[in-house]
There are 2 protein chains.
Amino acid sequence: MTVRLPAVKSPAELTELFRQEGLKITPQRVSIFRVLHDNLDHPTAESVYDTVRQEMPSISLRTVYQTLNDLASMGEIGQLDLGTGSARFDPNLDSHHHLVCDTCGKVIDIYADFDDVRLPRRQLQGFRVAATEIVFRGQCPDCSARADRATR
Amino acid sequence: MTVRLPAVKSPAELTELFRQEGLKITPQRVSIFRVLHDNLDHPTAESVYDTVRQEMPSISLRTVYQTLNDLASMGEIGQLDLGTGSARFDPNLDSHHHLVCDTCGKVIDIYADFDDVRLPRRQLQGFRVAATEIVFRGQCPDCSARADRATR
DNA sequence: TTTCTTTCTAACAATCGTTGCAGTTTGAGG
DNA sequence: CCTCAAACTGCAACGATTGTTAGAAAGAAA
Ligand SMILES: [Mn+2]
Ligand SMILES: [Mn+2]
Ligand SMILES: [Zn+2]
Ligand SMILES: [Zn+2]
């Protein structure tokens, strides 16, 4: 089990990448890049929207989805489907895992390699495995406390 | 890494469980139990509906969702959210993991314990972990072949 | 700077999976 | 058989996401 560090691309880097792809640099996009950069809690499209809207009230939710999808398909952000209702976007590109609160939906990064987790060819049945995701599910301290209080 | 076997409850067992809970045994429920019992491919509510409808054309999709939710909250089936668009239900109660085709959505069981996958208290941050899910993502043989054919 | 081409945005409608609701039906105990 | 709480059906509503498109804006070229 080895420990690593997070790696999030800066707005400037993302801007440069978009430029290289021949995509235009709009204030909407730059604003989204900025919001992603200092959001470490796996925001939903809606929550990115809410934050961007504070400095750009006219932006549309559609544009946020569009840009997040673009970034995801360029491989510049990750997208997590954890059964919390909506997709969560992850600007942290380092391969890592997640700890999820099933009660409130909080998502925390786990920076660790589990070298043991590899499938023997026998179990692969011809599959080509591109990624291995580990999700630890449970209850965060806040939700545990709240539950205890309710049971008292 | 230890290997195990699948464990799926029979229609009779589920019927008995419902009876114990004071829930009524309706033909709709029994039919759904049967369909689940011999469905090893993690069906969606819609696909359970389609199958049940063959022998009971008047059943409503609403009832299928209702019964699947009941079973899931009784802990008698699992529910997977894998980002394939809709929830997948899993009658196999043994703790196990999954191999998912990101192209066609196929889901295959992986019966193996990865004993290495345990979080040191230091990383838990006070979380109470109830379950650890491992998802291997990639491409199934069919989809790989189809992709190769397209690239030729 | 002005023009021209291309891409993007905003607004709105539509879709998909799922759940809420209301009225009707039915399983199961008496 | 009755009774009646519980379950069923059909449909409306909902939240998340995507399709469409006319007009706006960015960037390149002149
Ligand atoms: Mn993460
Ligand atoms: Mn399974
Ligand atoms: Zn929580
Ligand atoms: Zn496939």
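Q: Before anything else, when is a residue near a strand?
A: A residue is near a molecule or strand if one of its heavy atoms lies within 4 Å of it. The model discussed here is a predicted one.

Q: Then how many residues surround DNA strand D, and which are the closest?
A: DNA strand D is surrounded by 20 residues. The closest are Lys24(A), Tyr65(A) and Ala87(A) from chain A, with Thr26(B) and Thr63(B) from chain B. Of the atoms of DNA strand D that come within 4 Å of the protein, 67% belong to sugar and phosphate.

Q: Which atoms lie by a phosphate oxygen of that strand, for Thr26(B) say?
A: For Thr26(B), a polar side-chain atom lies 2.7 Å from a phosphate oxygen of DNA strand D. Two backbone atoms can be added. A polar backbone atom of Ile25(A) is 2.9 Å from a phosphate oxygen of DNA strand D, and a backbone N or O atom of Ser60(B) is 3.2 Å from a phosphate oxygen of that strand.

Q: And which elements give two or more residues to that surface?
A: Helix 4 of chain A, helix 2 (27–37) of chain B and helix 4 of chain B each do so for the surface near DNA strand D. Helix 4 of chain A gives the most, with four residues.

Q: Now the other strand. Which residues come nearest to DNA strand C?
A: There are 19 residues around DNA strand C, and the nearest are Lys24(A), Thr26(A), Arg29(A), Tyr65(B) and Ala87(B). Sugar and phosphate make up 71% of the atoms of DNA strand C that come within 4 Å of the protein.

Q: What distances go with the phosphate oxygen and Arg29(A)?
A: A polar side-chain atom of Arg29(A) is 2.6 Å from a phosphate oxygen of DNA strand C. For Thr26(A), an N or O atom in the side chain lies 2.7 Å from a phosphate oxygen of DNA strand C. A base is involved with Arg62(B): an N or O atom in its side chain is 3.0 Å from a base oxygen of DNA strand C.

Q: Which helices supply at least two residues there?
A: Helix 2 (27–37) and helix 4 (61–73) of chain A, and helix 4 (61–73) of chain B, each supply at least two residues of the surface near DNA strand C. The largest share, three residues, comes from helix 4 of chain B.

Q: What rotation superposes chain B on chain A?
A: A rotation of 180°, with a shift of 0.1 Å along its axis, superposes chain B on chain A at an RMSD of 0.1 Å. The two copies are therefore related as by a two-fold rotation axis. The same surface serves both copies, since 100% of the contact residues of chain B recur in chain A.

Q: Which residue of chain B comes closest to the rotation axis?
A: Ile134(B) does, with its C-alpha at 2.2 Å from the axis.

Q: On to the metals. What are the protein donors of the zinc ion (ligand 4)?
A: The donors are the SG atoms of Cys101(B), Cys104(B), Cys140(B) and Cys143(B), at 2.2 to 2.3 Å from the zinc ion (ligand 4). The site is tetrahedral, with angles of 104 to 116° among the four donor atoms. In sequence the spacing of the donor residues is C-x2-C-x35-C-x2-C.

Q: Are Cys140(B) and Cys143(B) buried or exposed?
A: Both Cys140(B) and Cys143(B) are buried.

Q: And what coordinates the manganese ion (ligand 1)?
A: The manganese ion (ligand 1) is coordinated by His42(A), His96(A) and His98(A) through NE2, and by Asp90(A) and Asp109(A) through OD, at 2.0 to 2.2 Å. The donor residues are spaced H-x47-D-x5-H-x1-H-x10-D. Among these donors, His96(A) is in the loop between strand 2 (88–90) and strand 3 (97–101) of chain A, and Asp109(A) is in strand 4 (residues 107–110) of chain A, 13 residues apart. Both His96(A) and Asp109(A) are buried.

Q: Change of topic: where does Glu76(B) lie?
A: Glu76(B) lies in the loop between helix 4 and strand 1 (78–80) of chain B. Its relative accessible area is 10%, so Glu76(B) is buried. Its side chain makes a polar contact of 2.6 Å with the side chain of Lys9(B). Leaving aside neighbours within four places in sequence, the residues in contact with Glu76(B) include Leu14(B), Leu17(B) and Pro91(B).

Q: Last one: where is Gly126(A) found?
A: Gly126(A) is in the loop between helix 5 (121–124) and strand 5 (128–139) of chain A. Apart from neighbours within four places in sequence, Gly126(A) is in contact with Gln139(B) and Pro141(B).

Methods:
Residues numbered from 1 in each chain as written. Chains lettered and ligands numbered in written order. Predicted model: local features only at pLDDT ≥ 70, side-chain atom pairs only at ≥ 80, totals over all residues. Heavy atoms only, no water. Donors = N, O, S within 2.8 Å, 3.2 Å for Na, K, Ca; no water. Tetrahedral: all angles 85-135°; square planar, octahedral: opposite > 155°, others 65-115°. Buried < 20%, exposed > 50% of the residue type's maximum accessible area, 1.4 Å probe, protein only. Contact = heavy atoms within 4.5 Å. Least-squares fit on C-alpha atoms with pLDDT ≥ 70 in both. Polar contact = N/O pair within 3.5 Å; in protein donor to acceptor, adjacent residues only side chain to side chain.
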